[in-house]
Amino acid sequence: RPLRGRSCALVKACHLNGLQHKAMIQYNVWFALKQGVDEKPGLAVVNDYLGGLALAGEAVGHRLLRNASDGARSKLPRYQAIVEFRDDAALSAAMKNQVARGIHNGGHGAIVDVVTDFRVEIFRYINPEEIGILHYACEI
């Protein structure tokens with residue numbers, strides 16, 4: 001059943017907002033904490049560093065996730081950080097800035113001290129119009 005009125009307007013607004021970010025890049029890092037590093041302080045180190053990137057305007061924002069699968073059922077490390085950048089240029093600039101600061105210095109150095117088994121993948125936003133997905137189901 002199609003949405004009407006306010007619900008339809010909210011869905012349209014979300015859709016239009018999503019189109020503004022069609023060049024969004026997600027830097028995904030799966031990682032584990034080193035043996036002996038407790039979860040709460042270890043993730044605080046990661047969160048503080050990533051939050052600093054956003055405060056400095058280098059990243060749009062970030063999320064931290066915990067893998068819900070246990071042990072042998074999962075092929076990925078226990079945690080995931082998703083860092084969002086506006087576009088390739090913003091990601092490239094952030095990487096160059098980090099190299100200039102030093103990989104083992106500051107907040108990134110603190111991460112190196114608590115994280116192990118990390119894997120990185122970079123994902124790009126797929127604009128639904130590119131693949132023919134219906135954006136919203138409401139009467140116009």
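Two strands pair if DSSP finds at least two bridges between them. I note at the outset that this is a predicted model.

**Entry 1: the pairing of strands 2 and 3.** I looked up how strand 2 and strand 3 are joined, and I found an antiparallel pairing over six bridges. I then followed one residue across and recorded that Arg66 has Tyr79, in strand 3, as its bridge partner.

**Entry 2: the sheet.** I traced the whole arrangement and found an open sheet of four strands in the order 2-3-1-4, with antiparallel pairing. Strand 2 (61-66) and strand 4 (115-124) each have a single partner strand, so these edge strands are each left with one side lacking a neighbour in the sheet. I noted that neighbouring strands are turned by 20 degrees against each other on average, direction ignored.

**Entry 3: helices on the sheet.** I looked up helix 3 (residues 88-101), which lies across strand 1 (25-33), strand 3 and strand 4 and runs at about 40 degrees to strand 1. I next recorded that helix 4 (residues 106-114) packs on the sheet and touches strand 1 and strand 4. The direction of helix 4 makes about 120 degrees with that of strand 4.

**Entry 4: Gln80.** I located Gln80 in strand 3 (residues 79-85). Is Gln80 buried or exposed? Its relative accessible area is 14%, and buried means under 20%, so I entered Gln80 as buried. I found a polar contact of 2.8 Å between the side chains of Gln80 and Asn28. Leaving aside residues up to four places away in sequence, I listed what Gln80 touches: Asn28, Val29, Trp30, Phe31, Arg63, Leu64 and Leu65.

Technical notes. Residues numbered from 1 in each chain as written. Predicted model: local features only at pLDDT ≥ 70, side-chain atom pairs only at ≥ 80, totals over all residues. Heavy atoms only, no water. Helix = DSSP H or I, 4+ residues; strand = E, 2+ residues; numbered from the N terminus. Buried < 20%, exposed > 50% of the residue type's maximum accessible area, 1.4 Å probe, protein only. Polar contact = N/O pair within 3.5 Å; in protein donor to acceptor, adjacent residues only side chain to side chain. Contact = heavy atoms within 4.5 Å. Axes fitted to C-alpha atoms, helices over the stretch in contact; angles between N-to-C directions.
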